[in-house]
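I opened my notebook today to look up a few things in one protein. Here is what I was looking at, and my entries follow.

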Amino acid sequence: MTKWNSLSASLMKRLKLHYQMKNSIPAIAQARSFTTSEGHRPTIIHKRSLDILHDPWFNKGTAFSMTERDRLDLRGLLPPNVMSSEQQIERFMVDLKRLEVQARDGPLDPNALAKWRILNRLHDRNETMYYKVLVAHIKEYAPIVYTPTVGLVCQNYSGLFRRPRGMYFSAEDRGEMMSMVYNWPAEQVDMIVVTDGSRILGLGDLGVHGIGIAIGKLDIYVAAAGINPQRVLPVMIDVGTNNEELLKNPLYLGLQEHRLDGDEYLAVIDEFMEAVFTRWPHVIVQFEDFQSKWAFKLLQRYRNTYRMFNDDVQGTAGVAIAGLLGAVRAQGRPMIDFPKQKIVVAGAGSAGIGVLNAARKTMARMLGNNESAFEAARSQFWVVDAQGLITEERENIDQDASPFARKVKEINRQGLREGASLVEVVQKVKPDVLLGLSAVGGLFTKEVLEALKGSTATRPAIFAMSNPTTNAECTPEQAFSILGENIIFASGSPFKDINFGNGHIGHCNQGNNMYLFPGIGLGTLLSGAPIVSDGMLQAAAECLAAYMTEDEVHEGIIYPSISRIRDITKEIAAAVIMEAIEEDLVAGYRDVDARDLQKFNKEQILEFVKINMWDPDYPTVVYHQD
């Protein structure tokens, strides 16, 4: 943009200085510095000997140098051979492959859960190495620490719990939360992921076990966005559970009482939000897996007051928008043709409505962003829930779904009716896109997929976005076998590509939220924006949509490989910062204030993001007596 002039000489000198000083300035000597520096500057600690080896934040294991072993009273407490971090990872990976089967708790314990156990043990003893492994093998292990395996972890959390990670605020803590937040040892927290466990990955009410999703999300924040792991905080708000099995289970770790509701529930969430923002005024709070009943209400309640967003509503929507725009490109059309797409949506929960609202806004913006544009955009969606097609004739229609209810005249012309089945809707509408956000595994039956053969699109798109894998509306095998090679397929959880045996590949695009939420969080953090605006979220989605090359899109690849996640996150964070600058929301971050940021061009913003991403490298450790 034209207003982004060259950096001032003093500012450029300051950025350059940070690079030069990364390896030489003690942590205790700098009050303000870029986050990356903390992974390279000497770390001042107040413990020695076994206390260090038992602290995962500072433990290096066999990588402690001999001078560090002498300085920290570790000589003789470790094998004599000093190993590099690369050697440690190699040894760990060999053990991991060997122990994967042995770590299983009997034949019914999935192999993925065995991998999670082994990785979790590493996390418990050496946090830096854990993230080094995760970053280096993100494509392989993201599905283990995040979806879909995290769903299994949450379902079995009482049996898997070994040591506390994160904080628990319960209904019994009312009136105490303001003091409780000071029990967390970190003086600064940049990112919180909070859940109430009421709707975990479409698996339902898992109560306090839902802490697993908050931990998994923050692992991705660290690995993908380079958020300092000592500045993240997973949080479980336990307001009870309506899961009867958990209420009767004597081993359940949470409150064994039915969920709070109404004003009592809101009072607990209000107290939590006030407490965390009192102690950490600049923290970003991501709401995760709250049931639809509360997801929208809480988002509207807090989004204009606090730095927060709801990943299920806004993150899912952004990833879906990026995929929908990519599908338009894959059909050989420009993204500006998106408002012409006919989209059938299966699911009207928080995720489904979030996607609908975002898609409608995107279409309307392309059509002129006025009232007639919004009305024209509305007419491109047909929404089907458990009761069938939603129309104006629906009794007790959900307030959030009502803007997308089809008009009676419209459905009469199309030969449809209130409550029409998904098969009927697909047959009559002949959509360009079939989008599943229902959390109902197998919803896209053979009959539904057969009906999609009548699509007017040159290359129809199927989005089976529900998580975990068991909740996917269909598998890629089912979609490609019925509809042939010339389709676009995307899902929320990972599936393997389909090899047709003729040199052609059916690409299974994973439309996972992890493409967006790390960049949204990092961009918000570095911009200093007081809120997460719709424009910032839209910028993130459009950046992801534009990330793929034309050749990749024409091959049916609409989402990039997870192995590129750190570069993707850097680009998205930069896009979020640039939008915050456009909306005059920037306040700056540490040594770079709002005026500095406003002078950055895109390349300089990308560099600014890069040097503020934490890397999992061992720092030199220095003991300082209290």
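How are α25 and α27 oriented to each other? I kept in mind that the model is predicted.

**Entry: a pair of helices.** I looked up helix α25, residues 565-582, and helix α27, residues 602-611. They pack at an angle of about 120°, and their axes are 9 Å apart. Angles of 65 to 115 degrees count as roughly perpendicular and those over 145 as roughly antiparallel. The angle here falls in neither range, so α25 and α27 are oblique to each other. I also noted the handedness: α25 passes α27 in a right-handed crossing.

Next I listed who touches whom. From α25, the contact uses Lys570, Glu571, Ala573, Ala574, Ile577, Met578 and Ile581. From α27, the partners are Lys602, Ile605, Leu606, Phe608, Val609 and Lys610. Sorted by class, this contact has nine nonpolar residues, four charged ones and no polar ones.

**Entry: Ala594.** I then picked one residue, Ala594, which sits in helix α26, residues 594-599. Is Ala594 buried or exposed? The cut-off for buried is under 20% relative accessible area. Ala594 has 19%, so I wrote it down as buried.

I checked a distance too. Ala594 and Ile581 are 13 residues apart along the chain, and their C-alpha atoms are separated by 8.4 Å. I remembered Ile581 from my previous entry, where it was one of the α25 residues in the contact with α27. Setting aside neighbours within four places in sequence, I found Ala594 in contact with Val586, Ala587 and Gly588.

**Entry: helix α14.** Which residues of α14 are buried? In this helix, residues 292-302, I found Trp294, Ala295, Phe296, Leu298, Leu299 and Tyr302. These buried residues pack against three helices and two strands, which I wrote down by name: α13 (262-279), α15 (311-330), α16 (350-366), β5 (284-287) and β6 (308-310).

**Entry: the whole protein.** Finally I stepped back. The secondary structure comes to 27 helices and 18 strands. The C-alpha atoms fill a box of roughly 80 × 65 × 60 Å along the principal axes.

What radius of gyration would a compact globule with 626 residues have? The expected value is near 25 Å, and the protein has 25 Å, so the two agree.

I also noted that buried residues make up 60% of the 626 residues. Among contacts with a separation of 6 or more, 71% come from residues 24 or more positions apart.

Notes. Residues numbered from 1 in each chain as written. Predicted model: local features only at pLDDT ≥ 70, side-chain atom pairs only at ≥ 80, totals over all residues. Heavy atoms only, no water. Axes fitted to C-alpha atoms, helices over the stretch in contact; angles between N-to-C directions. Helix = DSSP H or I, 4+ residues; strand = E, 2+ residues; numbered from the N terminus. Parallel < 35°, antiparallel > 145°, perpendicular 65-115°, else oblique. Left-handed = near helix turned anticlockwise from the far one by under 90°. Contact = heavy atoms within 4.5 Å. Nonpolar A, V, L, I, M, F, W, Y, C, P; charged D, E, K, R; others polar. Rg over C-alpha atoms; globule rule 2.2 N^0.38 Å. Buried < 20%, exposed > 50% of the residue type's maximum accessible area, 1.4 Å probe, protein only.
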